[in-house]
Amino acid sequence: MTLVSEDVSRSDIAEDAERAAYLEGLSEGRWDLRWLHDDRPAWGAKAALRPGVGLTLKATNQVEPYGRIEARAPGGSMAPRGCVTEEGLPAMGYTYNSKYQVWAENVESLYDEAVSRQWDATRDIPWHDLEPLPPDMERAMCQVSTMLTEVEFIAADFPAMWSWQMNQHFHEVKLFLATQAMDEARHLEVFRKRALANGGGLGIAARTTERALASIRAADSYIKGSYMMHVLGEGIVLDIFRAGEFLSPTDVEKKIFRMCMQDEARHVSYGTMHLKYFLEHHPDPVEAKEELHAFADAAEPIIFRVFTAPSVIEPFAVLAGEGVDGIESGFEAIRILWVKIVEEYLRRCERAGFDRRGRCKVGTAAPF
Amino acid sequence: MTNFPSLTSLEELAAAMNTDEERFAKLGVVDCKVGISVTDTGEGFTVEFERYGVAQVTEGVGQAEFVLEADSDVWQAMYHDIVAHGSASRDQTLNYLALPGIAMTIRSDDQLAEDLFYRYNQTLQSFFDSAGSFSSVVAAQAV
């Protein structure tokens, strides 16, 4: 079957007799124009500008009925929310048609923020300030960059894996996920660039890391994937970016980590608030929460185990200790980081109404 | 502006930020209320960031979404470093000082509110780094 005709003629594109008559009439000046006089659209919309900023997504949702987001999407096509739909629109086969499955109360403002706070890994990093490092420091930085590039691959794939399954009624979520994909693309770009920019190169891809990433990919629902990706995985990576202050050999790496940190915090914020919305609006919240707890029981060790692999944790310690000779003091810093990571993760879970204290098997103290 | 942080000094930084919209617009929109607490004196201020600038600076930290807490000597050292170098040195950035066990604490009952510090970090740092431009003014006046 040919989906797109290579030789489009009038008869090819006329769907039916009515369309054929319409096309015939065009040449005689018989316009349709029913769309011009249709009284069904909610006409007169005028979203308010945010002074000095522009027209935000959030502002367009203040306009009725366009900002009215139903708990269950009324259709399954790509018709924009609030428009008039003709009969017979095809269903796109979306899996996520309920608001609780995808929504977060902060998603509109996070999208506006994401668009406003984009940056450029080519131009905004002072690459010309890179300086030669001792071999152990360069190798450690390159190994960390390799791992982070690897991690960002799943973070860039993840939004794409799920976004197309979401009903267009919740377009704000899809827009935000598109910004996440762009953020993560930039992150993997910047860490790959760092590995190749200073006389080093890429290091080792650890089996433990790859298994963790495969687990995120294998999540069988968006909420499980989002919890594992946004709350658990990115929450940990957020703290690593933050720790760039004592991991960075030069101001170049510091700038990289700080810029990535800002982006990562948006993703974590969405994930936390989505988890909250999901649990508060699920038709069977008790069962949903228990199922998620069981999932988290299995997911937490998989993700935290990444930070026990030698090729992951030792480069951090070498960087923190400013060389392999300082690896012992570096490990002290990494132990403090571990405590911070676990505590912030548990606090975000609490914020979402998903209390993992007392249930999380990952110790608050580092296992090394 | 040696008494830092104070209502006056923070208002001066706010004025500097508000007159440099182009630079801050490049960093992106910012919406948060940041508390600044001087632990040994009990003083506190809230800087309300909005759009690409500061909407207002008030006394007290009650309305803040998260609070940056440090002793006065830590705030002073940060300020003088910025003035001396034009922007914060590597060990005087907010992000560095607020690492566990260094000199500053980020306090919030809500982890997501605390995460605002991460989301807007570069804007917040640039706000304080504005003090660096004052040094050149002072230096120029001295000459």
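**Figure 1. Confidence along chain A of the predicted model.** Chain A comes out with a mean pLDDT of 94, and 97% of its residues reach 70 or more. This is a predicted model, and its overall scores are ipTM 0.91 and pTM 0.94. Among the elements of chain A, helix α7 (residues 171-196) has the highest mean pLDDT, at 98. At the other end is helix α1 (residues 10-13) of chain A, with the lowest mean, 66.

**Figure 2. Chain A, helix after helix.** Chain A has 14 helices and 0 strands, so if you read along the sequence you'll meet α every time, as the pattern in Figure 2 spells out: α-α-α-α-α-α-α-α-α-α-α-α-α-α. The C-alpha trace of chain A spans about 85 × 50 × 50 Å along its principal axes.

**Figure 3. Two spots in the loops of chain A.** Have a look at the loop between α2 (17-26) and α3 (34-37) of chain A, where A:L33 is found. A:L33 isn't a glycine, yet it has a positive phi of about 65 degrees. Further along is the loop between α4 (57-60) and α5 of chain A, which holds A:P65. The peptide bond leading from A:E64 into A:P65 is cis, with omega near 0 degrees.

**Figure 4. Chain B, a mix of helices and strands.** Chain B has 7 helices and 5 strands. Along the sequence they follow the pattern α-α-β-β-β-β-α-α-β-α-α-α. The C-alpha atoms of chain B fill a box of roughly 50 × 30 × 25 Å, taken along the principal axes. For 143 residues, a compact globule would have a radius of gyration near 15 Å, and chain B agrees with that at 14 Å.

**Figure 5. Both ends of chain B.** Near the start, a cis peptide bond joins B:F4 and B:P5, with omega about -5 degrees. B:P5 sits in the segment before α1 (7-18) of chain B. Chain B as a whole has a mean pLDDT of 91, with 92% of its residues at 70 or more. Residues 136-143 of chain B are another story: pLDDT stays under 50 there, and the model gives this stretch 0 contacts beyond four places in sequence. Where pLDDT is low, the predicted coordinates shouldn't be read in detail.

**Figure 6. Where chain A meets chain B.** On the chain A side, 38 residues are in contact with 32 residues of chain B. The two chains bury about 3000 Å² between them, and carbon and sulfur atoms give 47% of that area. Three arginines of chain A, A:R117, A:R242 and A:R347, lose the most area to chain B, together 23% of what that side buries.

**Figure 7. Salt bridges and polar contacts across the interface.** There are 8 salt bridges between chain A and chain B. One of them pairs A:R348 with B:D115, whose closest N and O atoms are 2.8 Å apart. Polar contacts between the two chains come to 29 residue pairs. The elements that give two or more residues to the chain A side are α5 (107-116), α9 (222-242), α10 (244-247), α11 (251-281) and α14 (327-351) of chain A. Helix α11 of chain A gives the most, with 13 residues. Sorted by class, the chain A side that touches chain B has 18 charged, 13 nonpolar and 7 polar residues.

Technical notes
Residues numbered from 1 in each chain as written. Chains lettered and ligands numbered in written order. Predicted model: local features only at pLDDT ≥ 70, side-chain atom pairs only at ≥ 80, totals over all residues. Heavy atoms only, no water. Contact = heavy atoms within 4.5 Å. Buried area = accessible area lost by both parts, 1.4 Å probe. Salt bridge = Lys/Arg side-chain N within 4 Å of Asp/Glu carboxyl O. Polar contact = N/O pair within 3.5 Å; in protein donor to acceptor, adjacent residues only side chain to side chain. Helix = DSSP H or I, 4+ residues; strand = E, 2+ residues; numbered from the N terminus. Nonpolar A, V, L, I, M, F, W, Y, C, P; charged D, E, K, R; others polar. pLDDT = per-residue confidence, 0-100. Rg over C-alpha atoms; globule rule 2.2 N^0.38 Å.
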